[in-house]
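Subject: Structure handover

Hi,

Here is the structure I promised to pass on. Please open it next to this email and follow along.

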Amino acid sequence: MLCRCEERSGALGGEGGNCTVGSEQTATTFLTTKLIETMGTETGEEGPPSLEYIQAKDLFPRKDLVKEEEDLQIPFPVLQGEGVEYLGRADDAIIAISNYRLHIKYQDSLINTFLQGVDGDISVPVRLIEAVESRDMFQLHIVCKDSKVVRCHFSTFKQCQEWLKRLNKVIAHPTRLEDLFTFAYHAWCLGICGDEEETHVHLCHPGEHVCHRFEMEVERMRFDLQNVWRVSEVNCNYKLCASYPQKFLVPVWITDKELESVGTFRSWKRIPVVVYRHLRNGAVISRCSQPEISWWGWRNADDEYLVTSIAKACILDQGTKMSGKGKNEGTDLSDAEFDSSITGSVAESGGTPQKLLILDARSYTAAVANRAKGGGCECEEYYPNCEVMFMGMANIHSIRNSFHSLRAVCSQMPDPGNWLSAMENTKWLQHLSVMLKAAVLVANMVDREGRPVLVHCSDGWDRTPQIVALAKILLDPYYRTIEGFQVLVETEWLDFGHKFGDRCGHSENQDDLSEQCPVFLQWLDCVHQLLKQFPCLFEFSDAFLVKLVQHTYSCLYGTFLCNNSREREARNIYKRTCSVWSLLRTGNKNFQNYLYIPSTETVLHPVYHVRALHLWTAVYLPISSPCTPIDSADLCLSRGRAAEDRAGKSLDRLPKARSVDNLPLACESGAPLARTSSDPNINQHCQEERNSPEPRNTPVFVVPDVPDVTCELEVGAGTSLLEMKSDGLMDPVEIAKEVREENLVNDLPPNTEEAESADVQNQTEKTVCGSNLNSLTYPKDALQEKPSNNVHPHATANSEMETCLRESDDSDIEESLSIHSDDQRSEASWEPVDRKETEVTRWVPDHMASHCFNCDSEFWLAKRRHHCRNCGNVFCANCCHLKLPIPDQQLYDPVLVCNSCYDHVQACRTREIMNQQLKKPIATASG
């Protein structure tokens, strides 16, 4: 509860009376005090101050809803603290904007099918939206930070511009951090439960392994804190470096004064510190920022001493593989004695001193160019027993441009014909390859050669955590578990100051777009590549990574707010927001990898070549996303629940495999197998007519993905065949079986060849059913090898089948069957099909036509689009103003057609009239 003491003097709630006690601010309450003098109602005398208790959620009130139509209902369940601000209609859709999300509920759309869920909804957090622009005057083009693109079409230009203003207002950079939804969500969650402290622990507490990660990691990696290493607290209260944790590991003989001296030489005072130790050989991984050498060639003796001391400490703490060798326990040595002891121990073991590898993530050219800005790189002459290597990783500006190119390629509609070359030009996979190569190099140096490694880039908060975190995943199986992965992200990314606020665009009043870059998303993509190559060595699934990508930008959780730990502690983020790890927890089975095999010492050696990498389709092409965009983790179905849902839903929701949709029925009827187009709109009429007596929209299973549903479905005996089909309860294979059984019951005259064909078909169907439709082979029909005269009985059988089906259905179906009966007989008898009877006019969508199809004039506000009802193309008013009926399209009243179609139809009609006139004398003479 909030305590507020109000004073009534003119207007209530003056800001001058606000007083926030931050030091005593608990996890569940905020204390806001306002002095209010209560005026007497009758005597006019001032009364005593009054106290009023308010809840935390009252600090985040919901805004009034603006409806375009009164009968509209909010099309989604709102979260705690979420308030819908705008609600209206778009073309074939309902659109809503809340303080958390943009929600579009489509009724029937071809543009956004790749983003729609099962119910045809699109839900995008507003903080995930990067930009919104108007295209073709009536369409909103919404670009997301994770590469998704949403398109929404409106009926009028004014409506489109109005929603454009609303969206730009919602996605603008926050003026204060509390405007982000995560604060309102947390406050409202606390208000729904009596025991607020227990609710806060459940929602926000990430776990002991995260809260005490530093101490637990030091103990797990067995650092020798007595003789070799020490925990320095020189950065207590962030006095030394604002973007470093308050505790870190350094060699035991390095003093805090020397660390302060090193801080003056490293960029942003990010000094070399140890973050990982190999258990078997004692080699460590360190990280820092670039040295500030500049053009003057500055040096720092303390920095050089610290870097070489890290290598010396590794020899003293050599790990379990070399335990007992090279250690000087309980002794304090001078530098000369220390060097001699190291030389003696190495000589006794018969080896040579290991060089420390300084891995610079930049190219050599970029490192030297940074000297103009006061930076630079280490010189091997000044750092004895060290080796410098450059990896050539691109900076954030190149990564951002590459990501924008990738997003443009993935959002093209339809798929580009030059997909592979367009993907290559984005250079996204090349950047991933370089990052993986750097991580593999670090892992090999530490594991195989036992060499310590120091990693840095320019500032040490972008490319450095990418390399270090990937290397730790390769080396240590602990970081491949859900718990270890959480510790890894908290340590290498959050504690060491990756600028999530700037890179994700969450900072207050940040107008500089050059600071935004999907650095963390790029690293998660590399983790996904490892998961693809080693599917049994990660405890978490791909859905875990996809959900983490979404909530990096969604601002539903406060884990990735601000730029460093100092800012998060100053804003009290940990107590005022929920943690994403409460969702992505170890016990959540929705994110567990069921192929996971626990291991203790397996080191990964991935293939980092570009040809071995894959596009992360679950993120960049979300048609294959393993989880929905809804924020509840319960909607991320497990394998079993997903299979049940697929079996329970109507088959018309399932995608179609156009190349094999007629395979079962073609085998049954003896018709030849014809190759069909991959476009579901082409040949739809003739392809689906032969699969069922229903002339349109026959549901078909995807063969490789759906299990054997025909063996599991149970239908009542009293249900007719067409009723079962219309309810989505039967597979086309099952329909074919029922049709054959009905034909046999009606005493169709089978011959020996037909009986043999039926036996072959039964064996084929049993094989398909036994292999779960995963091993379909090309069936051999003996009748296909016979002359065409053997096929006529099948044409008769098809005719009888039509008769049987007409008796069990209504007149509409009967009429449609009688109209298209020639098509069905022609499929069985190999007779040519009239193209006009199977051709469907495909209209070009408005948004895809920016110029007239005839005169190529550009459309704008004063030049409207007009569809030709005959050819479906879009024309201007000058090229499409004539009207005439088109009986072939069942348009008997005059409709708009283009000039060319008008001439063509008129010529055809004239020719038909002339033919009829020529036939009249013949008919009269014969009479």
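Below is what was found in it, from the whole chain down to single residues.

**Overall**

Keep in mind that this is a predicted model. The chain has 927 residues, and 50% of them count as buried. Its secondary structure comprises 31 helices and 21 strands. Take the contacts with a separation of 6 or more: 67% of them join residues 24 or more positions apart.

**Nonpolar cores**

The largest nonpolar core holds 157 residues. Which of them touch the most other members? They are F485, W523, W616 and Y620. Helix α12 gives this core its largest share, 13 residues. Another core lies apart from it and has 17 residues. V874, C880, I886 and V905 are among the members of that second core.

W523 deserves a look of its own. Setting aside neighbours within four places in sequence, its contacts are M435, P465, Q466, A469, L470, I473, F485, L488, V489 and W493. Note F485 in that list.

**Aromatic rings**

The count of aromatic pairs comes to 26. One of them is Y478 with Y479, an edge-to-face pair. The centres are 5.5 Å apart and the planes meet at 65°. Both Y478 and Y479 are buried.

F485 and F544 make another pair. Why is it edge-to-face? The planes stand at 80°, and the cut-off for edge-to-face is over 60 degrees, so the pair qualifies. The ring centres are 5.8 Å apart. This pair links distant parts of the chain, with the two positions 59 residues apart. F485 sits in helix α14 (residues 482-495), F544 in helix α17 (residues 542-554). F485 and F544 are both buried.

The two rings also belong to one aromatic cluster. Its members are F485, W493, F500, F520, W523, F538, F540, F544, F560 and F591. So F485 turns up again: it is in this cluster, and it is one of the residues with the most contacts to other members of the largest core.

Two arginines lie over ring faces. R166 is over W163, at 4.6 Å from the ring centre. R220 is over Y479, at 5.2 Å from the ring centre.

**Helices α12 and α7**

α12 has 20 residues. From first C-alpha to last it reaches 29 Å, close to the 28 Å expected at 1.5 Å a residue. It is mostly covered, with 16 of its 20 residues buried.

α7 covers residues 301-316, which is 16 residues. It reaches 22 Å from its first C-alpha to its last, close to the expected 22 Å. This helix is mostly covered too: 13 of its 16 residues are buried. What is found at the start of α7? A side-chain oxygen of N300 comes to within 3.0 Å of the backbone nitrogen of D302 there.

**Three buried residues**

D447 is placed in α12, which runs over residues 428-447. Is D447 buried or exposed? Its relative accessible area is 13%, under the 20% cut-off, so it is buried. The side chain of D447 makes a polar contact of 2.4 Å with that of R280. Beyond its neighbours within four places in sequence, D447 is in contact with H278, R280, N281, L475 and V603.

R151 lies in strand β10 (residues 149-153). Its relative accessible area is 9%, and R151 is therefore buried. Its side chain reaches the backbone oxygen of S411 at 2.5 Å. The C-alpha atoms of R151 and V132 are separated by 9.8 Å, and the two residues are 19 apart along the chain.

I399 is found in helix α10 (residues 396-410). It counts as buried because its relative accessibility is 5%. Not counting residues up to four places away in sequence, I399 touches A394, W428, H431, C517 and Q522. I399 and V519 are 120 residues apart in sequence, yet 7.8 Å apart in space, C-alpha to C-alpha.

Best wishes

Note on methods: Residues are numbered from 1 along each chain as its sequence is written. This is a predicted model: local features need pLDDT of at least 70, side-chain atom pairs count only at pLDDT 80 or more; totals for chains, interfaces and linings use all residues. Side-chain values use heavy atoms; hydrogens and water are left out. Helices (H or I, at least four residues) and strands (E, at least two) are DSSP runs, numbered from the N terminus. Buried means under 20% relative accessible area, exposed over 50%, partly exposed in between (1.4 Å probe, protein chains only). A polar contact is a pair of N or O atoms within 3.5 Å; within protein, one must be able to donate a hydrogen and the other to accept it, and residues adjacent in sequence count only if both atoms are side-chain atoms. Contact means heavy atoms within 4.5 Å. Rings of Phe, Tyr and Trp (its six-membered ring) pair if their centres lie within 6.5 Å; planes under 30 degrees apart count as stacked, over 60 as edge-to-face and the rest as tilted. A charge sits over a ring if NZ of Lys or CZ of Arg is within 6 Å of the ring centre and within 35 degrees of the ring normal. The expected span of a helix is 1.5 Å times one less than its number of residues. A nonpolar core is a set of buried Ala, Val, Leu, Ile, Met, Phe, Trp, Tyr and Cys residues joined through side-chain atoms within 4.5 Å.
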